[in-house]
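Dear colleague,

I am passing this structure on to you, and since you have not worked with it before, I have written out below what was found in it. Please have the sequence and the model open while you read.

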Amino acid sequence: MIVLKTARELELIRKACIISAQALQVAGEAVKPGVTTYEIDRIAYEFIKKQGAEPNFLHLYGFPATACISINDEVIHGIPSKKRVVREGDIVSIDLGAKVDGYNGDNAATFAAGQISPEAKRLCDTTEESLYKGIEAAVAGGRLGDIGSAVQTYCEERGYGVVREYTGHGVGAKLHEDPSVPNFGTPGRGVRLLPGMVIAIEPMINAGDKAIRQMPDGWTVKTRDGSLSAHFEHTVAITANGPVILTRA
């Protein structure tokens with residue numbers, strides 16, 4: 001069931017989203033060669049707690065950390081570890097959120113560790129731009145398929161694989177609400193977009209094929225062909241005056 005948010009609920013979600021965006025920014029600034037993913041996660045955790053909020057990924061469905069931190073060919077759900085060291089040239093995807101006053105925020109971005117390859121930069125730039133293409137299509141009166149089609153078309157025209165198995169989602173009192181928001185689709189198809197809807201749009205794009213594989217830890221997802229993957233996400237409100245990005249620091 002899709003829950004349309006009141007003006008008051010939108011303000012509460014916005015508060016959680018701002019903290020989420022600031023936490024992502026702080027975590028991203030920590031991405032440097034030599035840092036462990038555990039340390040990045042600790043920085044994010046401490047920042048969220050200092051804002052009087054809770055890290056909403058921590059223990060969700062049993063996930064053991066504040067942030068999903070995925071490197072290079074890892075698509076999503078990488079588990080932070082004291083043994084995982086970021087190296088020069090890595091691309092590091094960080095996905096995290098905060099909950100405050102009963103409402104959630106959610107966002108993600110892929111960060112460069114030092115100097116990255118032109119291939120990696122192009123992938124990251126394309127994935128981020130596809131996010132904004134999807135947001136531009138998130139117009140009241142439109143359809144979910146408009147969003148997915150905008151992301152898919154932009155990425156596939158540039159030779160990238162669009163992950164099918166994982167999607168965006170509604171955001172509110174629960175971190176994951178209806179509707180599912182795929183990064184692929186057909187214009188004019190799917191759920192009607194209405195004012196009061198709040199959705200997370202989050203392209204997960206592979207430099208090679210779209211196929212993925214689940215790792216033995218039960219969380220980490222990698223590209224099947226070993227190609228790089230990037231991930232960007234904003235929480236967005238659908239309004240009568242156009243889409244509003246809530247996760248802006």
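A convenient place to start is helix 3, which spans residues 118-136 and lies across strand 12 and strand 15, its direction making an angle of about 35 degrees with strand 15. Please keep in mind throughout that this is a predicted model.

The two strands under that helix belong to an open sheet of 3 strands, arranged in the order 8-12-15 with antiparallel pairing. Strand 8 (161-162) and strand 15 (229-231) form the edges of this sheet, each of them pairing on one side only. Between strand 8 and strand 12, which covers residues 204-206, there are 2 bridges, and the two strands run antiparallel; Gly161, for its part, has Asn206 of strand 12 as its bridge partner.

Next come the annotated positions. An unreviewed UniProt entry gives "domain: Peptidase M24" for residues 11-240, a span that is 28% helix and 25% strand in this model and whose end C-alpha atoms lie 16 Å apart. Under "binding site", UniProt (again as an unreviewed entry) lists Asp106, His169, Glu202 and Glu233. These residues are spread over 128 residues of sequence, and yet they cluster in space, with a largest C-alpha distance of 10.7 Å. From this set, Asp106, His169 and Glu202 take part in lining the largest pocket.

Two of the listed residues deserve a closer look, beginning with Asp106, which sits in the loop between strand 6 (103-104) and strand 7 (107-112). Is Asp106 buried or exposed? Its relative accessibility is 1%, and because the cut-off for a buried residue is under 20%, Asp106 counts as buried. Leaving aside residues up to four places away in sequence, Asp106 touches a number of others, among them Asp95, Gly97, Leu175, Ala200 and Thr247, and its contacts also include His169 and Glu233, both of which appear in the binding-site list. With His169 there is a polar contact between the two side chains, at 3.0 Å.

His169 itself is part of strand 9, which runs over residues 168-170, and with a relative accessible area of 6% it is likewise buried. Beyond residues up to four places away in sequence, His169 touches Asp106, Glu202 and Glu233, as well as others including Pro179, Val181 and Ile199. A polar atom of the His169 side chain also lies 3.1 Å from the backbone oxygen of Leu175.

Strand 9 is joined to strand 10 (residues 177-181) by 3 bridges, and the two run antiparallel. What connects them is a hairpin of 6 residues, and one of the bridge pairs is formed by Gly170 and Glu177, the latter in strand 10.

Asn104, in strand 6, is a further residue that I would ask you to inspect, and it counts as buried at 2% relative accessibility. Which backbone oxygens lie 3.0 Å and 3.1 Å from a polar atom of its side chain? The oxygen of Gly172 is found at 3.0 Å, and that of Ala173 at 3.1 Å. Among the other residues that Asn104 touches, again not counting those up to four places away in sequence, are Ile13, Cys17, Asn56, Lys99 and Val171.

The last element to point out is strand 16, which covers residues 234-239; because 5 of its 6 residues are buried, it is largely enclosed by the rest of the structure. Strand 16 pairs with strand 11 (residues 198-201) in the antiparallel sense over 4 bridges, and within that pairing Ile199 stands opposite Val236. Strand 16 also pairs with strand 17 (residues 242-245), once more in the antiparallel sense and over 4 bridges, where Ile238 has Pro243 as its bridge partner. A hairpin joins strand 16 to strand 17 through 2 residues.

When you go through the model, I would suggest following the order used here.

With best regards

Terms used. Residues numbered from 1 in each chain as written. Predicted model: local features only at pLDDT ≥ 70, side-chain atom pairs only at ≥ 80, totals over all residues. Heavy atoms only, no water. Pairing = 2+ DSSP bridges. Contact = heavy atoms within 4.5 Å. Axes fitted to C-alpha atoms, helices over the stretch in contact; angles between N-to-C directions. UniProt positions renumbered as here; feature names shortened; annotations may be inferred. 1 Å grid on protein atoms, 1.4 Å probe; cavity = no way out; pocket = protein on both sides within 12 Å on 5 of 7 lines; lining within 4 Å. Buried < 20%, exposed > 50% of the residue type's maximum accessible area, 1.4 Å probe, protein only. Polar contact = N/O pair within 3.5 Å; in protein donor to acceptor, adjacent residues only side chain to side chain.
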